[in-house]
Amino acid sequence: CTAKSVESPGISTIVGKVPTLTLLDATIRDLIVTWEPLSGTPGIIFQYLLRFRDLDRASQTATGGFETRSYTGGSRTSITVEDLEPNNRYELIMSATNTDA
């Protein structure tokens with residue numbers, strides 16, 4: 001896990017703690033993933049960031065294929081990733097940011 005610094009004052013990336021993703025359901029084009037809320041962190045979870053990419057097409061884009069989705073609010077614990085290509089492999093990376101206590 002690597003953490004990037006966040007430029008906003010009073011908000012920081014939680015280093016060393018990442019939510020563990022669990023596949024809840026899958027269709028041919030969608031994935032529903034869930035995670036346990038982080039506990040024992042300073043401050044309040046401000047947002048979760050989900051980065052994902054199609055491993056079978058990653059080398060074809062300047063960003064390495066990553067798309068980022070931001071979900072504000074620490075109470076959310078699941079998300080549907082939509083419009084995926086059938087039969088391709090995907091990598092998902094979750095991180096969390098918090099407000100400094």
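Two strands are taken as paired where DSSP finds at least two bridges between them. The legends below apply this criterion to a predicted model.

**Figure 1. Overview of the predicted chain and its strands.** The chain contains seven strands and zero helices. Read from the N terminus, the order of elements is accordingly β-β-β-β-β-β-β. Of the 101 residues in the chain, 27% are buried. Among contacts with a separation of 6 or more, 67% link residues that lie 24 or more positions apart. By the ring-pairing rule, the count of aromatic pairs comes to one. In general, such a pair of rings is described by the distance of the centres and the angle of the planes.

**Figure 2. The open three-stranded sheet β2-β3-β6.** Three strands form an open sheet in the order β2-β3-β6, and their pairing is antiparallel. The edge strands are β2, residues 21-26, and β6, residues 78-81, each of which pairs on one side only. On average, neighbouring strands of this sheet are turned by 25 degrees against each other when direction is ignored.

**Figure 3. The hairpin between β2 and β3.** Four residues form the connection of the hairpin that joins β2 to β3. Strand β3 comprises residues 31-35, and its antiparallel pairing with β2 extends over five bridges. Leucine 31 in β3 is the bridge partner of alanine 26.

**Figure 4. Surroundings of threonine 22 in strand β2.** Threonine 22 belongs to strand β2 and has a relative accessible area of 43%. This residue is classed as partly exposed because that value lies between the limits of 20% and 50%. Leaving out residues up to four places away in sequence, threonine 22 touches Ile32, Val33 and Thr34. Isoleucine 32 is 10 residues from threonine 22 along the chain, and the C-alpha atoms of the two are separated by 8.6 Å.

**Figure 5. Polar contacts and neighbours of aspartate 54.** Aspartate 54 is part of strand β4, which covers residues 45-54. Its relative accessible area is 8%, and aspartate 54 is therefore buried, the cut-off being under 20%. The side chains of aspartate 54 and asparagine 88 are joined by a polar contact of 2.7 Å. In addition, a polar atom of the aspartate 54 side chain lies 2.9 Å from the backbone nitrogen of aspartate 56. When neighbours within four places in sequence are set aside, the residues in contact with aspartate 54 are Gly65, Glu85, Asn88, Arg89 and Tyr90.

**Figure 6. Phenylalanine 66 and the arginine over its ring face.** Phenylalanine 66 is located in the loop between β4 and β5, the latter strand spanning residues 67-72. With a relative accessible area of 19%, phenylalanine 66 is classed as buried because this value is under 20%. Arginine 51 lies over the face of phenylalanine 66, at 4.0 Å from the ring centre. Not counting residues up to four places away in sequence, phenylalanine 66 touches Arg51, Phe52, Arg53, Glu91 and Ile93. Phenylalanine 52 and phenylalanine 66 are 14 residues apart along the chain, and their C-alpha atoms are separated by 5.3 Å.

How values were computed:
Residues are numbered from 1 along each chain as its sequence is written. This is a predicted model: local features need pLDDT of at least 70, side-chain atom pairs count only at pLDDT 80 or more; totals for chains, interfaces and linings use all residues. Side-chain values use heavy atoms; hydrogens and water are left out. Helices (H or I, at least four residues) and strands (E, at least two) are DSSP runs, numbered from the N terminus. Axes are lines fitted to C-alpha atoms, for helices over the stretch in contact, and angles run from 0 to 180 degrees between N-to-C directions. Rings of Phe, Tyr and Trp (its six-membered ring) pair if their centres lie within 6.5 Å; planes under 30 degrees apart count as stacked, over 60 as edge-to-face and the rest as tilted. A charge sits over a ring if NZ of Lys or CZ of Arg is within 6 Å of the ring centre and within 35 degrees of the ring normal. Buried means under 20% relative accessible area, exposed over 50%, partly exposed in between (1.4 Å probe, protein chains only). A polar contact is a pair of N or O atoms within 3.5 Å; within protein, one must be able to donate a hydrogen and the other to accept it, and residues adjacent in sequence count only if both atoms are side-chain atoms. Contact means heavy atoms within 4.5 Å.
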